[in-house]
Amino acid sequence: MKKGTMQQRILLVVLTLSMLAMILSASTILYHSERYSEISEKLNKVKWLASQIVYFDEGLTMSARMYTFNPKQAWLSRYDKMAIELDLALKEAGEIEPVIQDMIKQTSELNHDLILIETGAIEKAKSGLVAEAQQRLLSPEYLVLKASYSNQMVLAFEKIQLNSEDLKQSHNQKYQIFITALTLQSFIFIGVWFYLLNFLRLNNQRLHRLITTDELTGLHNRRKFDVVLQQELHRSIRDEKTLMLAVLDIDYFKKYNDEYGHPKGDQVLTAVGKLIKRSLRRAGEFGFRLGGEEFAIIATVETHEEGKRLVEKLMRKLESKSIKHIGNPPLNFVTISAGIGYHHADDIMTDEELYSVADTALYQAKEQGRNRLIEYSSSEF
């Protein structure tokens, strides 16, 4: 009798300890999951800001260079706007991630020197000294400063990525020890372990999508654009094919946001993104959201006419949706303007040059009244 009672007590103790271990396991898993989720959200935010920082930094350089080649107020306005947005993105990222704050401090002198050269070139262009202005932005001093500044940013972003990997590795190791120690709850912990593996895998995929994908439209983002454009340029040269780059901009989008609100504006961006994805069905065709209301298409085409038809078809599809926009007369519907540049194997251009000619054509389309497509031609610009 006493022996049976003792066994019962032992079983009760084991069951109680098992229950306590299960509760402790659940509590520990919940705590670490919530903590990891918070850190992941912070890293996601920094990744997004990192892509914005790269975009604005390159936009500053491009705007300054474009002004020396085409001294119009639009490029100055774009330069000033991107300078402000870059500062805001850096400040926000620095508040979230100390690594970015350190990078800002370490590159403050470089950034100051770059701004001096860029603003100096702009001033020379204003004074009519175009050749000197262009030379300043192509000088070895400027290129070295720019490369050094970019390298500092890359190192900071890589350090953040390494911290993320260390976090995941540490997280996995702790759970391995925890699961091993609690073998009596093996089925429970195996289920939790698979859940965590799946969570980490999905989270890793989500981080990758955030780095290379625009979250709102599902298109590739600016970071992916830079990579794909270089790859396709090399492919164009190797295969002796014609590469088309189209840069598209929603007409009077700021007015649309002011009139209908940003949620409606996001719906328009999403609609344009869907149209682009549906229009690009063949290999060698890629769609991007470069930022704001600016989109891009990269496609290998047989003829200029083929590239032009692709973009015009997209424009007409958007127009046929009749999305009301009273700030875009005379149609009062949402429309887009587009500029197209072409790269031929016998007329090699850099990625910056190809983007520049397409962007110049887009600017001309806006100048001519919007809701139109302009193909870049050196004889016309």
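Helices here are DSSP runs of at least four residues, numbered from the N terminus. By that numbering, Thr68 sits in helix 1, which covers residues 2–69. The model is a predicted one.

Start with Thr68. Its relative accessible area is 1%, so Thr68 is buried; the cut-off for that label is under 20%. What does Thr68 touch beyond its neighbours within four places in sequence? The contacts are Ala121, Ala125, Val130, Ala133, Gln134 and Leu137. Gln135 belongs to the same part of the story. Thr68 and Gln135 are 67 residues apart along the chain, yet their C-alpha atoms are separated by 9.4 Å.

Now step back to the whole chain. The protein chain holds 12 helices and 5 strands. It has 381 residues, and 44% of them are buried. Consider the contacts with a separation of 6 or more: residues 24 or more positions apart supply 70% of these.

Next comes the sheet. Its 5 strands are ordered 2-3-1-4-5, the sheet is open, and the pairing is mixed. Which strands stand at the edges? They are strand 2 and strand 5 (373–375); each has a single partner strand, so one side of each lacks a neighbour in the sheet. On average, neighbouring strands are turned by 20° against each other, with direction ignored.

Look inside the sheet at strand 1 (residues 242–250) and strand 3 (residues 294–301). These two run antiparallel and are joined by 8 bridges. One residue to find there is Val247, whose bridge partner in strand 3 is Ala296. A helix covers this region. Helix 10 (residues 262–279) lies across strand 1, strand 2 and strand 3, and it runs at about 5° to strand 3.

Move to strand 2, residues 285–291, where Glu285 is found. Is Glu285 buried or exposed? Its relative accessibility is 11%, so Glu285 counts as buried. The side chain of Glu285 has polar partners. One is the side chain of Arg282, in a polar contact of 3.1 Å. In addition, a polar atom of the Glu285 side chain lies 3.2 Å from the backbone nitrogen of Arg281. Leaving out neighbours within four places in sequence, Glu285 is in contact with Ser279, Leu280, Ile298, Ala299 and Leu310.

Thr335 makes a useful next stop. This residue is in the loop between helix 11 (304–320) and strand 4 (336–343). Thr335 has a relative accessible area of 2%, and is therefore buried. Which residue does its side chain meet in a polar contact? The partner is the side chain of Asp251, at 2.6 Å. With neighbours within four places in sequence set aside, Thr335 is in contact with Asp249, Ile250, Asp251, Leu318, Asn328 and Asn371.

Finish with a pair of helices. Helix 8 (residues 222–239) and helix 12 (residues 351–367) have axes that come within 10 Å and cross at roughly 110°. Angles of 65 to 115 degrees count as roughly perpendicular, and so helix 8 and helix 12 are roughly perpendicular to each other. Which residues meet? Helix 8 brings Arg222, Phe225, Leu229, Gln230 and Leu233, while helix 12 brings Asp351, Leu354 and Tyr355. By type, the residues of this contact are 5 nonpolar, 1 polar and 2 charged.

How values were computed:
Residues are numbered from 1 along each chain as its sequence is written. This is a predicted model: local features need pLDDT of at least 70, side-chain atom pairs count only at pLDDT 80 or more; totals for chains, interfaces and linings use all residues. Side-chain values use heavy atoms; hydrogens and water are left out. Buried means under 20% relative accessible area, exposed over 50%, partly exposed in between (1.4 Å probe, protein chains only). A polar contact is a pair of N or O atoms within 3.5 Å; within protein, one must be able to donate a hydrogen and the other to accept it, and residues adjacent in sequence count only if both atoms are side-chain atoms. Contact means heavy atoms within 4.5 Å. Two strands pair if DSSP finds at least two bridges between them. Axes are lines fitted to C-alpha atoms, for helices over the stretch in contact, and angles run from 0 to 180 degrees between N-to-C directions. Angles under 35 degrees count as roughly parallel, over 145 as roughly antiparallel, 65 to 115 as roughly perpendicular and the rest as oblique. Ala, Val, Leu, Ile, Met, Phe, Trp, Tyr, Cys and Pro count as nonpolar, Asp, Glu, Lys and Arg as charged, and the others, Gly among them, as polar.
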